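Me: Please go through the structure shown below and justify each term applied to it.

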Amino acid sequence: MLGNSKNAKLLAVSLFLLLLIILTACNFTFTARHSSDLVVSYIDVGQGLSVLVKFPNGTAMLYDAGPNKSAETIINYLKSHSVNKIDALILSHPDSDHIGAADEVIETFTIGSFYMPKVVHSTQSYLDVLNAAKAKKLTIKTAQKAVTISLDPDVKVTMWGPVKEYDLDDTNNWSAVVSITYGSTSFLLTGDAGQEAEDDMINTGVVEPQTVLQVSHHGSKYSTSTEFLSAVMPTYAVISVGENSYGHPSEETLSRLQSYNVHVFRTDKQGTVVATSDGKTITWNVEPIGWEDSSPVGPTGSQTDAASTATPEQEILPKVVIISKDLKEEKVVIKNNDTVDIDMSGWELVSVKGDQIFKFPDGFVLKKGQTVTITSGSKAYEDSPKVLKWTIGNIWNNDGDPAELRDNKGRVVSSMP
Amino acid sequence: MRKGVVDRFENNGDIVVIELEDKTTLPVAKEKFACEVHVNDVVYETECGLWKVDKDETQSRLEQIQKLMDELWEKDE
């Protein structure tokens with residue numbers, strides 16, 4: 001009897017302790033996951049650019065600091081979003097509509113690391129930035145390809161460019177191009193990078209699909225080429241633009257974005273545009289613009305141009321693409337870039353080396369803009385419609401194995417070497 | 001007489017954007033320049049409304065800024 005009572009007490013204490021441990025663990029997990037948003041604000045600075053990135057762990061990065069006259073707007077925006085320290089400041093290139101307010105930003109906030117491309121510029125705005133940095137005893141790191149910035153362990157920040165030095169007259173191509181990846185969402189900041197810089201990035205092999213594109217050079221027609229759009233395949237695009245006499249954004253760029261079915265936001269029409277990512281989906285503070293009011297001229301004429309440059313084959317095939325393939329993890333991600341939901345009944349994903357074929361389940365619909373991951377190997381699992389399980393067997397040859405996506409008519413819709 | 005520094009080109013080089021001394025910007029058609037013009041040139045407006053480049057001041061300003069950059073920039077590994 002006595003022994004039983006002792007045992008019961010011991011059991012009760014053990015259970016209590018176990019409960020305590022479980023509760024603490026749950027609470028920890030809950031708290032850690034709860035503050036899990038990456039927030040990207042394209043601040044309305046008029047004609048210019050300034051983007052605030054707030055990471056899930058509370059750190060902050062500022063990419064560009066608008067024209068000189070937008071200093072108050074930027075500083076107030078940061079303060080109202082509880083930014084006291086800018087952990088990383090990136091000035092994409094020295095044009096005055098990107099660095100104009102940077103001196104006042106540097107004077108106002110504590111700055112962690114400071115990045116700029118190493119290109120000399122003689123304007124008063126640039127000199128003021130250098131002097132503000134000197135007064136704060138900051139040093140400057142070179143913004144260039146392959147630079148990584150580690151502010152939050154859950155978010156990858158990598159520079160794609162500039163990949164080389166350009167002519168001094170060609171400041172736009174010096175732009176620091178920054179990719180921010182959080183979970184399955186990604187944001188590309190391009191500054192004013194022109195087509196030459198876009199081509200150079202494509203040729204160095206750094207360009208990967210991104211969810212959100214900051215349209216380069218305020219929508220100039222000399223940026224955002226069809227080649228670059230084909231490689232980046234954005235679902236969303238943000239144009240930071242204000243009143244200007246340079247024709248930004250151009251009808252040509254708008255029609256290219258339209259032909260790629262990109263949802264576009266514009267700071268001149270919508271004010272500050274804010275994207276919030278939980279690592280899976282992105283929510284916006286405003287609705288994307290309708291194409292009918294995107295351009296004063298109307299995109300009808302240019303739509304025809306876009307259609308005439310597309311090959312007939314591209315027009316017929318549904319725009320569903322393989323966007324990534326991880327041979328080791330046995331995961332292939334497929335995205336619907338089309339304007340409509342696609343019924344993938346009868347479609348196949350093929351591992352070319354082993355000629356193994358995954359047949360999509362009957363009635364499987366991939367909604368427009370959505371992705372589906374096909375899993376195989378020991379970690380394969382099913383969470384339809386986001387994740388489909390092929391088999392627990394290993395499919396992909398780790399030494400290289402091309403993937404092909406075929407539609408119900410057997411046509412190769414997308415492939416990845 | 002207005003004076004400034006060429007900040008950048010717009011419209012594929014047809015427009016020269018000048019940052020004036022008060023840090024406002026002024027777009028000027030390239031035809032308004034009597035001679036060849038580049039980014040970083042110190043420029044001033046003449047009485048007849050054309051723009052000219054001050055080569056000496058351009059050079060000395062560039063040197064001054066390059067020196068400050070060398071002082072602030074971290075050395076590449």
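The questions and replies below set computed values against the definitions.

Me: What makes the evidence here usable?

Reply: This is a predicted model, in which local features need pLDDT of at least 70, side-chain atom pairs count only at pLDDT 80 or more, and totals for chains, interfaces and linings use all residues. Residues are numbered from 1 along each chain as its sequence is written, chains are lettered from A and ligands numbered from 1 in the order in which they are written, and side-chain values use heavy atoms, with hydrogens and water left out.

Me: Why is D200(A) called buried?

Reply: Buried means under 20% relative accessible area, exposed over 50% and partly exposed in between, with a 1.4 Å probe and protein chains only. D200(A) has 16% relative accessibility, and therefore counts as buried. D200(A) belongs to helix α6 (residues 195-204) of chain A; helices (H or I, at least four residues) and strands (E, at least two) are DSSP runs, numbered from the N terminus.

Me: How do you know which residues line one face of α6(A)?

Reply: The buried residues in α6(A) are A197(A), E198(A), D200(A) and M201(A). Seen down the helix axis, the buried residues of α6(A) fall within an arc of 165°, so they line one face. The arc is taken over the directions from the helix axis to the C-beta atoms. These buried residues pack against β8 (155-161), β9 (177-182) and α7 (226-232) of chain A.

Me: What makes the pairing of D200(A) and Y166(A) a polar contact?

Reply: A polar contact is a pair of N or O atoms within 3.5 Å; within protein, one must be able to donate a hydrogen and the other to accept it, and residues adjacent in sequence count only if both atoms are side-chain atoms. The side chains of D200(A) and Y166(A) are joined at 2.7 Å, and the pair therefore falls within the 3.5 Å limit.

Me: Why is D95(A) said to have no salt bridge?

Reply: A salt bridge requires a side-chain nitrogen of Lys or Arg within 4 Å of a carboxyl oxygen of Asp or Glu. Lys and Arg count as positive and Asp and Glu as negative, while His and the chain ends are not counted. For the buried D95(A), the nearest side chain of opposite charge is R8(B), 4.2 Å away; the 4 Å criterion is therefore not met. The side chain of D95(A) does make a polar contact of 3.2 Å with the side chain of H93(A). D95(A) is placed in the loop between β4 and α3 (96-99) of chain A.

Definitions and conventions: Contact means heavy atoms within 4.5 Å.
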